[in-house]
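Visitor: Before we look, I would like each label in this model to be justified by the criterion behind it. Could you take me through it that way?

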Amino acid sequence: MADKKIIVNCETGEVSEVELTAEEVAQRAADATEAAKAKAEADADAAAKATAKTALLAKLGISAEEAALLLG
Amino acid sequence: MPNTYTKIASVSVSSALGAASMDFTSIPATYTDLLVKVSGRELTGVSLLFTMQINGVATNQATRELRGSGAAATSGTNTIATIDQNGSGTTASVFGSADIYISNYASTTTYKSYSIDSASENNGASAYMRLSAGLWSSNSAINQLTFYASSGNIAQYSTATLYGIVKS
């Protein structure tokens, strides 16, 4: 069974369920790919920053709490 | 500051099979701004993201985003309007939340700016918050907003409510 979108007409209040068109299915797949790519990049960036932070704290010989005190 | 909020319409996913999207059409041009409140969850996907289309297209959008997990913060740009919501792998029956504010949506002479404040929650772990500033580069009045999960269907019991705001 094809996936359906729920549409509400704001003028009439009518709610309908309509099957996706082929174009919408293709667009949806492309958007999913783009979203997965963006999430992977964001996660990798966050992981790299966390790793760099840990390494810097180790190099300085202080804890994250102590670093926060210095920066506060 | 606008002081009048009027509920225009709401959508709720009632089927256990979920829905491909939640779509507001024929939005009247009689308000000053629009506010959408979304409570959503992915049925099968794990992207933790919803996407917002304007007038049926995902193009002509540019956003600047700040995202935090509680452990690290990132920022970046995007060409689609993304909204943090709960993925299927997060705590059962927990839904994300989001506010989307669109200023001067009915203008036919200017581009439209919007802000998105959204969060997902996973029982205290791996939760995200995203703040986005966006621009839809079109002079067309906004008369349609579509929300869909970036991966798979939107889960049952997800909701979206559209409000119109008139300047005071």
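Visitor: What makes B:Met129 the bridge partner of B:Gly68, and which strand holds it?

Guide: In this predicted model, B:Met129 lies in E10(B), where it is the bridge partner of B:Gly68. That bridge belongs to a set of eight joining E5(B), residues 61-68, to E10(B), residues 129-136, and these strands run antiparallel. Two strands count as paired if DSSP finds at least two bridges between them, and with eight bridges E5(B) and E10(B) satisfy this criterion.

Visitor: How do you know that E5(B) also pairs with E6(B)?

Guide: The criterion again asks for at least two bridges, and E5(B) is joined to E6(B), residues 73-78, by six bridges in the antiparallel sense. Within that pairing, B:Arg67 stands opposite B:Thr74. E5(B) and E6(B) form a hairpin with four residues between them, and B:Gly70 in its turn has a positive phi of about 95°.

Visitor: What makes the side chains of E5(B) alternate?

Guide: The description rests on where they point and on which are buried: B:Gln61, B:Thr63, B:Glu65 and B:Arg67 point to one face and are buried, whereas B:Ala62, B:Arg64, B:Leu66 and B:Gly68 point to the other face and are not. A residue is called buried if 20 or more other C-beta atoms lie within 10 Å of its own, and for chain B as a whole 44% of the 168 residues count as buried.

Visitor: Why are E1 and E6 of chain B called edge strands?

Guide: They belong to an open sheet of eight strands with antiparallel pairing, in the order E1-E12-E3-E8-E9-E10-E5-E6. E1 (4-12) and E6 of chain B are the edge strands, each pairing on one side only. Neighbouring strands of this sheet are turned by 15° against each other on average, direction ignored.

Visitor: How do you know that E3(B) and E8(B) pair, and in which sense?

Guide: Against a requirement of at least two bridges, E3(B), residues 33-39, and E8(B), residues 97-102, have five, in the antiparallel sense. One residue of this pairing is B:Leu35, whose bridge partner in E8(B) is B:Tyr101. On the sheet packs H1(A), which touches E5 and E6 of chain B, and its direction makes about 150° with that of E6(B).

Visitor: What makes up the contact between the chains, and which element of chain A gives the largest share?

Guide: The contact takes 24 residues from chain A and 32 residues from chain B. On the side of chain A that touches chain B, strand E1 (4-9) and helix H1 (22-60) each supply at least two residues, and the largest share, 13 residues, comes from H1(A). This side of chain A divides into 12 nonpolar, two polar and 10 charged residues.

Visitor: How do you know that E1(A) pairs with a strand of chain B, and in which sense do they run?

Guide: Five bridges join E1(A) to E2(B), residues 21-25, and the two run parallel, which meets the requirement of at least two bridges. Here A:Ile6 has B:Met22 as its bridge partner.

Visitor: Why is chain B called as compact as a globular protein of its length?

Guide: Chain B contains zero helices and 12 strands. Its radius of gyration is 15 Å, close to the 15 Å that the globule rule gives for 168 residues, so chain B is as compact as a globular protein of that length. Its C-alpha atoms fill a box of roughly 45 × 35 × 30 Å along the principal axes.

Methods: Residues are numbered from 1 along each chain as its sequence is written. Chains are lettered from A and ligands numbered from 1 in the order in which they are written. This is a predicted model: local features need pLDDT of at least 70, side-chain atom pairs count only at pLDDT 80 or more; totals for chains, interfaces and linings use all residues. A residue is buried if 20 or more other C-beta atoms lie within 10 Å of its own, exposed if 12 or fewer, and partly exposed in between; C-beta atoms are placed from the backbone. Two residues are in contact if their C-beta atoms, placed from the backbone, lie within 7 Å. Ala, Val, Leu, Ile, Met, Phe, Trp, Tyr, Cys and Pro count as nonpolar, Asp, Glu, Lys and Arg as charged, and the others, Gly among them, as polar. The radius of gyration is taken over C-alpha atoms; the globule rule is 2.2 Å times the number of residues to the power 0.38. Axes are lines fitted to C-alpha atoms, for helices over the stretch in contact, and angles run from 0 to 180 degrees between N-to-C directions.
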